[in-house]
Amino acid sequence: MRLVLGVAAVLAATSVQAAECQKGKATALTLTDWSATMKEGAIGPYPSITIKFRNDAVKEIRMVKASVWFVDALGDTISGVELDKDLRLKPSAESQQVFAMNGSTDFERLTTLEKRDATGHICVQAAVYEDGTKEEFK
């Protein structure tokens with residue numbers, strides 16, 4: 001019973017985070033593309049998620065607190081990932097991060113959906129720029 005309640009609480013929190021992200025404001029990063037495929041690993045298949053994004057800030061980013069959330073065409077949250085915090089990215093430069101999501105049934109679903117039936121949203125909570133300034137996005 002406790003496990004079911006714990007899982008329900010985590011799912012509710014995940015949905016709230018994704019909903020807040022979708023509201024979003026203009027931030028330092030823009031999601032430019034994503035892909036989800038199944039890969040073969042040593043202990044079996046796993047979802048591999050590739051996130052591509054661009055620095056839209058006028059300054060170089062040296063650290064960021066950001067996540068990417070995926071939502072299906074019905075508006076339900078699929079899942080999300082946190083980007084590497086120690087990101088260095090010059091203005092207008094693009095980068096990508098690849099995530100091996102071992103044991104994630106949520107991301108397995110993302111690999112089976114048509115791309116038009118899932119939308120990615122990037123959420124930047126804060127960025128530290130090369131000049132030492134910090135900007136928070138709320």
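**Exercise 1. Determine how strand S2 is joined to S1, and place both in their sheet.**

Solution. Step 1: S1 and strand S2 (residues 44-55) run antiparallel and are joined by 12 bridges. Helices (H or I, at least four residues) and strands (E, at least two) are DSSP runs, numbered from the N terminus. Two strands pair if DSSP finds at least two bridges between them. One example is Lys39, whose bridge partner in S2 is Tyr46.

The model is predicted: local features need pLDDT of at least 70 and side-chain atom pairs count only at pLDDT 80 or more, while totals for chains, interfaces and linings use all residues. Residues are numbered from 1 along each chain as its sequence is written, and side-chain values use heavy atoms, with hydrogens and water left out.

Step 2: The open sheet has three strands in the order S1-S2-S5, with antiparallel pairing. Its edge strands, each pairing on one side only, are strand S1 (29-41) and strand S5 (94-100).

Step 3: On average, neighbouring strands of this sheet are turned by 15 degrees against each other, direction ignored. Axes are lines fitted to C-alpha atoms, for helices over the stretch in contact, and angles run from 0 to 180 degrees between N-to-C directions.

**Exercise 2. State which strands Helix H2 touches when it packs on the sheet.**

Solution. Helix H2 (residues 105-112) touches S1 and S2, where contact means heavy atoms within 4.5 Å. The direction of Helix H2 makes about 100 degrees with that of S1.

**Exercise 3. Find how many salt bridges the whole structure holds, and describe some of them.**

Solution. Step 1: A search of the whole structure gives nine salt bridges; a salt bridge is a side-chain nitrogen of Lys or Arg within 4 Å of a carboxyl oxygen of Asp or Glu.

Step 2: One of them pairs Lys115 with Asp33, with the closest N and O atoms 2.5 Å apart. This pair links distant parts of the chain, 82 residues apart: Lys115 lies in the loop between H2 and strand S6 (118-129), and Asp33 in strand S1. Lys115 counts as partly exposed because its relative accessibility is 41%; buried means under 20% relative accessible area, exposed over 50%, partly exposed in between (1.4 Å probe, protein chains only). Asp33, at 30%, is also partly exposed.

Step 3: Another joins Asp131 and Lys59 (3.1 Å, N to O). Salt bridges that share partners also join Glu60, Arg88, Lys90 and Glu130 into one network.
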